[in-house]
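Visitor: Please pick one part of this model and take me through it closely. I would also like to hear what surrounds it.

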Amino acid sequence: MSGWAALADRLNAASGADADLDRAVAEAFSQPVKPYTRSVEEARALAAAALPGWSLHLGFDVRGVFPYAALTRGGTHLEAEAASLPLAILKVAVRASQAPE
């Protein structure tokens, strides 16, 4: 399993803030360690720094229960749902990092 796939698995299993997961995210994106899994602001900042040219949209599903994050660049649109907005942002950021140019 690649590093990105393992990180995606950890994010899929996450249910909230996790300092160990924050370190793994920071390492994967070559960013400083910050509370990415806890903070919407930090997760947004990571996506902006690591994925220039992508547009981020945040919201909730049609029932208003599950948060989601979407990243779009050109004709590519990716989405992810999670237990929290920071986790949704991180999940879609991992997907975008693997998208073809």
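Guide: Helices (H or I, at least four residues) and strands (E, at least two) are DSSP runs here, numbered from the N terminus. With that numbering, S30 is found in the loop between α2 and α3. The model is a predicted one. I will start at this loop, go back into α2, and then follow the contacts outwards to α4 and the sheet.

S30 comes after the end of α2, and its phi is positive, near 55°. The positive value occurs although S30 is not a glycine. Is S30 buried or exposed? Its relative accessibility is 65%, and exposed begins over 50%, so S30 counts as exposed.

The helix before that loop, α2, covers residues 19-28. At its N-terminal end the cap is D18, with a side-chain oxygen 2.9 Å from the backbone nitrogen of D20. Within the helix, the buried residues are L21, D22, V25 and A26. Viewed along the axis of α2, these buried residues stay within an arc of 140°, so they line one face of the helix. Their cover includes three other helices: α1 (3-13), α3 (40-50) and α4.

Of those covering helices, α1 contains A13. This residue counts as exposed because its relative accessibility is 65%. The C-alpha atom of A13 lies 9.7 Å from that of A83, although the two residues are 70 apart along the chain.

Close by in sequence to A83 is S84, in the loop between β3 and α4 (85-97). S84 has a relative accessible area of 18%, and the limit for buried is under 20%, so S84 is buried. With neighbours within four places in sequence left aside, the contacts of S84 are T37 and P67.

The helix that follows that loop, α4, also helps to cover α2. It has 13 residues and spans 18 Å from first C-alpha to last, close to the 18 Å expected at 1.5 Å a residue. Most of α4 is covered, with 10 of the 13 residues buried. The buried set is P86, L87, A88, I89, L90, K91, V92, A93, V94 and A96. These residues pack against the helices α1, α2 and α3, and also against the strands β1, β2 and β3. Through α4, then, the account passes from the helices to the sheet.

The sheet is open and has 3 strands in the order β1-β2-β3, paired antiparallel. Its edges are β1 (55-60) and β3 (76-81), each of which pairs on one side only. On average, neighbouring strands of the sheet are turned by 20° against each other, with direction ignored.

β1 and β2 (residues 67-73) run antiparallel and are joined by 6 bridges. Across this pairing, F60 of β1 faces P67 in β2, and L58 stands opposite A69 in β2. P67 is also one of the contacts of S84, which ties the β2 strand to the loop that leads into α4. The hairpin of β1 and β2 has 6 residues between the strands, and in it G64 takes a positive phi near 75°.

On the other side, β2 runs antiparallel to β3, again with 6 bridges. Here L71 stands opposite L78 in β3. The hairpin of β2 and β3 has 2 residues between the strands, and G74 in it takes a positive phi near 60°. How many of the 7 residues of β2 are buried? The count is 5, so β2 is largely enclosed by the rest of the structure.

To return to the starting point: the loop residue S30 is exposed, whereas the helix before it, α2, turns one face of buried residues towards cover that includes α1, α3 and α4.

Methods
Residues are numbered from 1 along each chain as its sequence is written. This is a predicted model: local features need pLDDT of at least 70, side-chain atom pairs count only at pLDDT 80 or more; totals for chains, interfaces and linings use all residues. Side-chain values use heavy atoms; hydrogens and water are left out. Two strands pair if DSSP finds at least two bridges between them. Axes are lines fitted to C-alpha atoms, for helices over the stretch in contact, and angles run from 0 to 180 degrees between N-to-C directions. Buried means under 20% relative accessible area, exposed over 50%, partly exposed in between (1.4 Å probe, protein chains only). Contact means heavy atoms within 4.5 Å. The arc is that of the directions from the helix axis to the C-beta atoms. A polar contact is a pair of N or O atoms within 3.5 Å; within protein, one must be able to donate a hydrogen and the other to accept it, and residues adjacent in sequence count only if both atoms are side-chain atoms. The expected span of a helix is 1.5 Å times one less than its number of residues.
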